[in-house]
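Colleague: I would like a close look at a single part of this protein rather than a tour of the whole. Please take one element, go through it carefully, and then place it in its surroundings.

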Amino acid sequence: LAFFERLAAPTLAPRRTFTGLAPHRMHWIERRPFGVVLVIGPWNFPLLLTIAPIAAALVAGNTVVLKPSEFAPLSTEAMVACLREAGIPRGVFEVAHGDGALGAALIDARPDKIAFTGSVPTGKKIAQQAAKYLIPLTLELGSKDAAIVLEDAPLDRTARGLAWGAMYSAGQACLSIELVYVQRRVQDELIRRIGEVIMREVHVGPGESPGVTMGAIVTEAQVQTIERQVRDAIERGARLVRGGERLERDNRRYFAPTLITDVTPDMRIMQDETFGPVIAFRAFDDVADAIREINASPYGLTGSVWTRDRARGLAIASQLQVGHASVNDHVFSASIPHLPWGGTKESGYGATRGREGLLDMTRPQSFSIERFRPLPTEIVWYPYTPTKYMFLRRLLRVLYARGALNKLRALFRG
């Protein structure tokens, strides 16, 4: 919120622009709010992933209707109380609780802009419905995020980073590490060290209990998705190193931290988003093969490279077709408000957070007014004459010739 507050004035201020095609006229661009922005939120991170588009929309001058996930209504009400206390009035920010049917009804009410965070299938349904009214969209959807570990990576730090990036929030984050491509020579040692981190640091149970570091899976359907992917991988020849089973405690759904190796591209665990505390390992000899497989995915949200050679890491990261690429980090840097947040391909389009997220909640409007009037009429108006045609040809040549000498030559060409 503080970031958007500081960013608003310089980002949304009118911007002057000059063109040699019309030096007698002044031109500038202003950013205009869309009007009513519909924000449809997810059940994971219901505050973090909705406050960014809400704040950007309000700062840019829009009003907002929020439809939170039906699986996370209470945290939304806490946020609403804070916004009301801060002075944002009713009519400027409203909340509508309900399921997908309500979301569809809100789209049919024709808001001026929609920002959705959630799954790819739901995002496609929203895009299809919004297309009937040509409503502009920002879509932040799912992914199958991968990390590349080179043989020179500092394995202790890498193991801690990968374990946290995969297990925090029980893997229920769109940028969670789900695939680890690791150079073959260090694969076994990396898996061993990640296993040690999990044994030492990942304690499963109710989030309110002391010492617990990983909580429950939110929905029964999500547990079943995780189980299906793990079972499919094992049936197709993958090796289960750790975990792989549901844990029933306190009438809540948990899934054991899971490590699977020897996965292949035909397995569902390499193709579909898991959204659970599971890391699938795939060994490689040539890093070009890892890059090619990652880029062949229909998703593209985040990716990371782990190595002691920062220059090489950046060179590899720049080849990943993702919205955010990191070297020796995966989750933390992608979460700061200064960077735009969004993906490519089926992971969505548009941006929240950063300067781009603020601009995403506005539309540009350009203006033009005369500075002075050199002629009674504009030169491109009627009548068309040979003299006017020759003058315009020379003018364009002078404007777009490179260098003073070429401009002088262009002035006297026929």
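Colleague: Which exposed residues does the face of H3 turned away from its buried side carry?

Modeller: The model is a predicted one, and what follows should be read with that in mind. The face of H3 that is turned away from the buried side carries the exposed residues Leu 74, Cys 82 and Glu 85. To see how that face comes about, it helps to begin with the helix itself, which runs over residues 73–85. Its 13 residues should span 18 Å at 1.5 Å a residue, and the C-alpha atoms at its ends are 19 Å apart, which agrees with that expectation.

The buried residues of H3 are Thr 76, Met 79, Val 80 and Leu 83. They cover an arc of only 105° around the axis, and therefore they sit on the same side of H3. The general reason behind such a pattern is that an α-helix has 3.6 residues a turn, so residues three or four places apart point the same way.

The buried residues of H3 are packed against helix H2 (48–59), strand S4 (63–67) and strand S5 (93–95). Beyond the helix comes Gly 87, which follows H3 and has a positive phi, near 105°.

Cys 82, on the face turned away from the buried side, may be of interest to you as a cysteine. With a relative accessibility of 51%, Cys 82 counts as exposed, because the cut-off for that class is over 50%. Cys 174, by contrast, has a relative accessibility of 9% and therefore counts as buried. The structure holds zero disulfides.

The buried side of H3 also takes part in a nonpolar core, and it is useful to set that core beside the largest one. In soluble globular proteins, nonpolar side chains tend to be buried together. The largest nonpolar core here has 58 residues, and those with the most contacts inside it are Ile 148, Leu 162, Val 180, Tyr 181, Leu 190, Ile 194 and Ile 269. Helix H6 (residues 155–167) gives this core its largest share, namely six residues. Apart from that core lies another, of 20 residues, and among its members are Met 79 and Val 80, together with Val 37 and Leu 66. Met 79 and Val 80 are thus two of the buried residues of H3, while Ile 148 is among the residues with the most contacts inside the largest core. Leaving aside residues up to four places away in sequence, Ile 148 touches a set that includes Tyr 181, Phe 284, Val 287, Ile 291, Trp 306 and Leu 320.

Another helix, H5, can be read in a similar manner. Helix H5 covers residues 120–131, and its twelve residues reach 16 Å from the first C-alpha to the last, close to the 16 Å expected at 1.5 Å a residue. Val 120, Gly 123, Ile 126, Gln 129 and Ala 130 are its buried residues, and what covers them includes strand S3 (36–40), helix H4 (100–108), strand S6 (113–117) and strand S7 (137–140).

For the wider setting, the chain contains 14 helices and 18 strands, and its C-alpha trace spans about 85 × 55 × 35 Å along the principal axes. Of its 414 residues, 46% count as buried. Among contacts between residues at least 6 apart in sequence, 67% join residues at least 24 apart. The chain exposes about 20,700 Å², of which carbon and sulfur atoms supply 57%.

A few backbone details elsewhere deserve a look when you inspect the model. Gly 87 has a positive phi, and Ser 169 has one too, of about 55°, although Ser 169 is not a glycine. Ser 169 is placed in the loop between H6 and strand S9 (177–183), and its relative accessibility of 34% makes it partly exposed. Phe 275 is likewise not a glycine and has a positive phi of about 60°; it lies in the loop between helix H9 (268–271) and strand S14 (278–284), where it is buried, with a relative accessible area of 10%. Finally, a cis peptide bond joins Tyr 382 and Pro 383, with omega about 0°, and Pro 383 is found in the loop between strand S18 (362–370) and helix H13 (386–400).

Technical notes: Residues numbered from 1 in each chain as written. Predicted model: local features only at pLDDT ≥ 70, side-chain atom pairs only at ≥ 80, totals over all residues. Heavy atoms only, no water. Helix = DSSP H or I, 4+ residues; strand = E, 2+ residues; numbered from the N terminus. Expected span 1.5 Å × (residues − 1). Buried < 20%, exposed > 50% of the residue type's maximum accessible area, 1.4 Å probe, protein only. Arc of directions from axis to C-beta. Contact = heavy atoms within 4.5 Å. Disulfide = S-S within 2.5 Å. Core = buried A, V, L, I, M, F, W, Y, C linked by side-chain atoms within 4.5 Å. Areas by Shrake-Rupley, 256 points an atom, 1.4 Å probe, with all protein chains shown as cover.
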